[in-house]
Amino acid sequence: MSVLFLNAVLWPLAILVAVPLIVHLFARARPPIVDFSSVEFILRALRFTQRVRKPKDWLLLVLRTAAVAAVILLFLRPMLFSHGGGGLFERRNVVVILDASASMGWSDGSQTRFAVACAEASEILAGLSSRDAADVILAGVEPHAVFPALGGNIGYLQGEIRRARLTSEGLDPGAALRLAVRLLNGAEGRKEICIVSDFQASNWRGVKPRLPRDIGLTCVGTARGESPNTAILRVEVDPARPLPGEEVTILCDVANFSGTPQRKTVVLAVESARSSRETVIPPWGRATVLFKQRIDSSAPFTLNAALAEDGFPGDDRRWATVDPADVLRIGVLSFGKGGETAAAWSRGCRALGWARAEPLTLEALANPETRRDVLMLSGWDGTEPDRVRGFLERGVPVVWYPPVGMPLSRVMTVLTNAARSGDAGTQTVWEEDPEGFQLKVAAPDHPVFRAFSAGEYGDPARGRVRGRLAVAASQLPPGEPLMAYTDGTPALWKCRGDLPLLFWNIPLDKGISSVQNQGEFVPFLGELLLETRRGTSGAVRSARESLPGQTLTWRPGLEVRTDEVRLKGPDGAEVPLRLLEATGGTLVSDSLGRPGIYEWTAGERVMCREVVNFPSAESDLRPMSGTEIKGLGGLTAVSGRDVREWQAGIPLWPRLLWIALALLLCEGAVVASGRFA
Amino acid sequence: MTQRRFQYLRPEDIRSLAGFEFAPKAVVEGYFAGRHVSRSRGSSIEFRDYRQYVPGDDLALVDWRVYGRTDRFYLRTYDHETSMDCHLFLDSSASMGFGRDLSKLEYASFFTACLAYLVIRGGDRVSLQPFDKTIRTFIPPGSTGAHLNGLLNLLERNRPGERTSLAESLRHSFPLLKRRGILIVVSDFFDDPAAIFTALGPYLHRGFKVFLFHVLTPAELELEDKGLVAFRDLETGRRVTAHTDDVREGYRHAIGRHIDALRDLAQRRNVDYTVARTDTHFHQLFERLVQ
């Protein structure tokens, strides 16, 4: 905090502060002499009042001196710089980061956070003088500055702020700060970054701005009061790529960001059909609403889930596209001695009709573009575990039949992140029994075995195996055995957790196993392939979804002319496109605006549908606490006016005038109290 | 009565005083027959009382009618009227010089002069004793025009002197007064009230009718607003610096207590006490004397 005197030349006036003191002392020393008949009674009066008068005299002296000092200071025109100011005559370079993310659209009934932020940002800029430079960054997923470099046209910046529109985007605070630092680099004078935002906790918590030492940071929060909100956070289809005729589960996750329970109705629209479910969402909790839908054809379709609109309507609607698969593409990878088992799998898939086994190489596995609905690895020795893990994370079920002599637990740990203690280095061992090992269903209630429960399709565990991997349950990640040998050795182990990994310990080699020759094998394999795709979040994550602020890309086929392709937004408006020649004719859109269904069209034909959904992180409107905002490392202002005053200083003369008047009033009151006492 | 124009007895005062007669109801001792009742019993027409005859009494005073009814000798006694002695005590201390347009001493001198004129006009005798810390001059009682002239001349020459000591002056004066009569003290009474009344004790015991006129200016009763000033005592020269706003209330309280003390003591000793403000005409004080 510092004070600058604009009329410092008047400092000699400060000597006038001594006037009351001098008057006090000299008036006491040389008062006019008045003859009086007898001072005896005056002395008596003095003795009575002196006890009170002495302190009162000093009080009056202090009040008068303070009043004179206030008047003198008033003429010196002091300016208060409460936060490291004082450089009034120094050029200031200010970058205002204006949060334009979706959460700024919350309205408290009168105006949105964004409207408040625009006003505050404009107020901050209004405090700049003609010699200062500024820029405004509209912060969203990708921040962009109004000027490419700091400029002095403050009026234009204020106009841009007035014209600025709220986006439905999320916020990348780090990117905005980096851009601000880049703009300020090389500027002469004071450098300041002012963030005007609601400081939504979901976006800002954890952000640690690392600014150069010569750049000051000021935070102006615009979030006021409570901001209760309900939102649809997720619409997912399980499985993500259903087969025609398959019944899918549509999951709608709804969240309640308020302290009171909310009863909400979720309306699901699948093409023209509508259905609704009511649910009660606990305070600060979530609920999942399930819809069942049978897929009639392999034609892609969209679905839309909605809640009744509340004060923050952007997140009350969510879309999803469903692209049913004609066949399940099964990627089969075989290594070493696992070739016969892989071949048995492939034969089984061919017998199913709706599944197509596609041989996979290690190179294809390493290619990120490789897409399969299920991955079956026979004899895979754990090479390229990250690629396999990538499939798992995308929700692609992986059935793995390990080879002999590999550290099973270690690879399992890499794949599932499930740590096992003790036997991490234990290698798999082959064991044989001339009589053969008998299989049994370990989890008869599992959906895989639902079709076999009536006995119509026989016993899936029929057949004997003369050799197997000697694996104990303790070597496997946490999970459950779907099938096991009669001695308890796991034969088919489903790992627990989000990643759909199955451990296969049923060799299908000729001469070793008769399982693959049983009539029940094919239906069992089919049920296994269908059911492993279900109930995994990974499967759902594979559904394509974009967010506002991002771009859409599409590579048209040879049958479509690039110049015919258009991208239409939810409102029917065309989104500008640009062609990336380097990628072989990929079309890239501008940043996406509002959420909804975007359609790639060529002429009248809809080539592809894309879903752009509201960013879930923006739904929790709770701002950071004041302490947390301070933790960003800068100053915290209540309003832009505060920032303006910190930058330009607070003129103290009106306050001094009031102080002087108050002091004189007090002086008068003290004097009057003596008269009326 | 007088041809010369005196400062304190102006013709307009004489004209104004024409309707006044100084006749306080006081019992006096007198040598000459006059209008005032005397304790000296003798031949007169004013019957006073009976008393038993004792050898040596004048037989002419025996009431024979009473003897005829009661067979006892009783003498009739009468009050005879006599002239009155009026003793004027005029405070001439330095404090009496206080007053902006009219000093207290001038005011008291006007009053004293007119009072002396009234007394002599009524055929009574008047004495004057200006005093400060003691009796400065003593003009014995007299009732002639020349006596009045002498009195007026003394008043004109009289100037404020030293500090007040009324009690001391009264003690010194007591042997000088041969006859009892009326004692009128005109002063600002800047002395200890108890000491004053102690000094008045012998006079009261001897039968003097005492009138006290406490002369004060308005500025003494209500301290004027002069701001911060150094008050210089006219009698002692002592200086006291004070702000009139600060001490006014206390001063008013102190002077009020002094007046109350004097009034209280006067009431208890059957002494007539009057505050004489110099902003009121001194003629009003005569009404006090005839009540």
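Two residues are in contact if their C-beta atoms, placed from the backbone, lie within 7 Å. By this criterion, 23 residues of chain A are in contact with 26 residues of chain B. The complex is a predicted model.

On chain A, four elements each give two or more residues to the side that touches chain B. Three of them are helices: α1 (18-29), α2 (40-76) and α15 (653-676). The other is the strand β2 (33-36). Helix α2(A) gives the most, with ten residues. The chemical make-up of this side of chain A was also counted. It has 13 nonpolar residues. Six residues are charged, and four are polar.

The strand β2(A) also pairs across the two chains. Its partner is strand β9 of chain B, residues 228-233. Four bridges join the two strands, which run parallel. In one of these pairings, Ile33(A) has Ala230(B) in β9(B) as its bridge partner.

Confidence was examined for the complex and for chain B. The predictor gives the complex an ipTM of 0.79 and a pTM of 0.57. The mean pLDDT of chain B is 83. A pLDDT of 70 or more is reached by 87% of the residues in chain B. Two stretches of chain B, among others that may exist, deserve mention here. Over residues 26-33 of chain B, the pLDDT is below 50. This stretch has 31 contacts in the model beyond near neighbours in sequence. Residues 40-45 of chain B also have a pLDDT below 50. For that stretch, the model shows 16 contacts beyond near neighbours in sequence.

Notes. Residues are numbered from 1 along each chain as its sequence is written. Chains are lettered from A and ligands numbered from 1 in the order in which they are written. This is a predicted model: local features need pLDDT of at least 70, side-chain atom pairs count only at pLDDT 80 or more; totals for chains, interfaces and linings use all residues. Ala, Val, Leu, Ile, Met, Phe, Trp, Tyr, Cys and Pro count as nonpolar, Asp, Glu, Lys and Arg as charged, and the others, Gly among them, as polar. Two strands pair if DSSP finds at least two bridges between them. pLDDT is the predictor's confidence in each residue, from 0 to 100.
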